Amino acid sequence: MFLVNSPSRPTEFNRRAGVKIIIVGAGEVGYNIASRLASESKQVVVIERNPDLARVLFEDLDVQVIEGSGSSPTVLSRAGIQDTDILLAVTDSDEINLTACLVTNMLSPSTKKLARIRNTDFDSFHEIFKTQIPYIDTIINPEIEVVKTIRRLVDIPQALDTGDFADGKVRYTGIRIDSASVMAGMCLKDFQERFGATRPLIAAIVRKDEVIVPRGNDSIYPGDLVYFVSHADQLKDTLKIFGIQIKPIQSALIVGGGRIGARLATQMENEGIKTRLIEADKARCLELAEQMDKTVVLHGDGSDQKLFLEENLNQIDAVISVTDDDETNVLVSLLAKNLGVKNTVTRIGKSSYYPFLTTIGIEKVVSPRLSAVSSILQNVRQGKVLSDISIFGERGEFIQAVALETSDITNRPLKDLNMPKGALLVCIIRNGDIIIPTGESVVTPGDQIIVFTVKQAVKKMEKLLTVKLEFF
């Protein structure tokens, strides 16, 4: 069944220039990617075989929807694969995603292919899939990125979010400001005088669920969630300004023995961290026990307070709940906090949960869906985008890109640039050197830059990063 859009929609699509994208799968990842790209006026076609999901997408978003299987040559042809720039295969089935890329390679070899592949059985085949049929340009495994994020988060108990750019040379970190902080009440323009060269560059302030891209006259207040950018090798010194010390954990309890839990436990035991893992499925417990070397695998319900008490949670550095059930993960984290564990990380899949998490005390959150969205966006943005990381429920983005010759962002002092409202250039990387910019800094062609932007400013920022047509 082909879902025909309202009469006004096809006309609008025909007016749109630039990239055409087919998305296979309208689950959490597919829906959110479609929503983001449609809001940026890109031409989007979504293929979904579940009629209920297809109908929701059709009614909610300004995209074209085809009901059918994305692995079908007939359906892909009907969607216009031959004149499509990018195929995103993001269903929950690795096999369907692989088949969609294989068929696309047969029908339209020039179409760029991205596939979400999560099964660990395929880990060693990623490079083969890229260099041989089906020639997948980018393989996305968000669970690997989630594990990396968890490891960074648990070593900084006060950090609510963290990530890196430029092969780990630049870090961003989100910290909640309390009334005792030296920054509470400070104006940003006073940072240079107060902190000197070690000053953190504040990229964003989240205040009462509003994401603010700050200027010099803005101040920081208790309760603000502050995102700052720093040299990775200066992170410890920068955190000291916030009154925070990095303290590598010695022990951890992981609830949920799925792919994320197993990957995380394996990494932690390889690092010498005393690790215990709780899994509700007995058969999976036996499987994990055979895989693990030093990790203690326990069969039980991670949300059972009695089990928590037996495991002496007050002696554990961190509790990480990564089951496939959001409600269980929230309950586990709340129980752990109630029993005195300050360092908890919670996996959340549903975007609808985000507005309520802070209210109930859940702040350190990881999301495979958001990791997948970030990985996909960096491959569909215009301009030479190297990475794209969404924060705070996708309300803001860090974009790392190469400054291209004749793009509007080069060869002028930053103070003279017409930066979009809601966007801030937070870092310049030149010949391996990390530059925290001032208003006098100039971006030169070939520089890598890191920009923070709110969702509403992405389209204008993308235009600023793109080479002018007359260059060709």
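**Figure 1. The loop between helix 6 and strand 7, which holds Tyr-135.** In this predicted model, Tyr-135 is placed in the loop that runs between helix 6 and strand 7, and its phi is near 55°, a positive value in a residue other than glycine. Tyr-135 counts as partly exposed because its relative accessibility is 39%, a value in between the limits of 20% for buried and 50% for exposed. Pro-134 is found in the loop between helix 6 (126-131) and strand 7 (138-140), and the peptide bond that leads from Ile-133 to Pro-134 is cis, with omega near 15°.

**Figure 2. Asn-411 in the loop between strand 20 and strand 21.** Although Asn-411 is not a glycine, its phi is positive, at about 65°. The residue lies in the loop that follows strand 20 (396-402) and leads to strand 21, and Asn-411 is classed as exposed because its relative accessible area of 52% is over the 50% limit.

**Figure 3. Helix 7 and its buried residues.** Helix 7 spans residues 142-154, and its 13 residues reach 19 Å from the first C-alpha to the last, close to the 18 Å expected at 1.5 Å a residue. Ten of these 13 residues are buried, so helix 7 is largely enclosed by the rest of the structure. Among the buried residues are Val-146, Val-147, Ile-150, Leu-153 and Val-154, and they also include Glu-143, Arg-151 and Arg-152.

**Figure 4. Aromatic pairs, with two tilted examples.** The count of aromatic pairs in the model comes to nine. One of them joins Phe-122 and Phe-129, whose ring centres are 6.0 Å apart and whose planes meet at 55°, a tilted arrangement. Phe-122 counts as buried at 18% relative accessibility, and Phe-129 is likewise buried, at 12%. The rings of Tyr-172 and Tyr-227 also form a tilted pair, because their centres lie 6.4 Å apart and their planes are at 35°. This second pair links distant parts of the chain, with Tyr-172 in strand 9 (residues 170-176) and Tyr-227 in strand 12 (residues 225-231), 55 residues apart. Tyr-172 is buried, with a relative accessible area of 4%, and Tyr-227 is buried at 3%. Both tyrosines belong to a cluster in which ring pairs also link Phe-165, Phe-398 and Phe-452.

**Figure 5. The surroundings of Thr-323, in the loop between strand 16 and helix 13.** Thr-323 sits between strand 16 (318-321) and helix 13 (326-338), and Thr-323 is buried, since its relative accessible area of 16% is under the 20% limit. Its side chain makes a polar contact of 2.7 Å with the side chain of Asn-329, while a polar atom of the Thr-323 side chain lies 3.2 Å from the backbone oxygen of Asp-325. When residues up to four places away in sequence are not counted, Thr-323 touches Val-255, Gly-256, Thr-328, Asn-329 and Arg-347.

**Figure 6. The second largest pocket and the residues that line it.** The second largest pocket holds about 570 Å³ of space. Its lining is made up of 22 residues, of which Leu-201, Gly-216, Leu-424, Pro-437 and Thr-438 are the closest to the centre of the pocket. Two or more lining residues come from each of helix 8 (191-195), strand 10 (201-207) and strand 21 (423-430), and strand 21 gives the largest share of the lining, with three residues.

Methods: Residues are numbered from 1 along each chain as its sequence is written. This is a predicted model: local features need pLDDT of at least 70, side-chain atom pairs count only at pLDDT 80 or more; totals for chains, interfaces and linings use all residues. Side-chain values use heavy atoms; hydrogens and water are left out. Rings of Phe, Tyr and Trp (its six-membered ring) pair if their centres lie within 6.5 Å; planes under 30 degrees apart count as stacked, over 60 as edge-to-face and the rest as tilted. Buried means under 20% relative accessible area, exposed over 50%, partly exposed in between (1.4 Å probe, protein chains only). Helices (H or I, at least four residues) and strands (E, at least two) are DSSP runs, numbered from the N terminus. The expected span of a helix is 1.5 Å times one less than its number of residues. A polar contact is a pair of N or O atoms within 3.5 Å; within protein, one must be able to donate a hydrogen and the other to accept it, and residues adjacent in sequence count only if both atoms are side-chain atoms. Contact means heavy atoms within 4.5 Å. On a 1 Å grid over the protein atoms alone, a cavity is a set of points where a 1.4 Å probe fits but cannot get out, and a pocket is an open set with protein on both sides within 12 Å along at least five of seven lines; lining residues have an atom within 4 Å of a point. Grid points are joined across faces, edges and corners, and a volume is the space filled by probe spheres set on the points.
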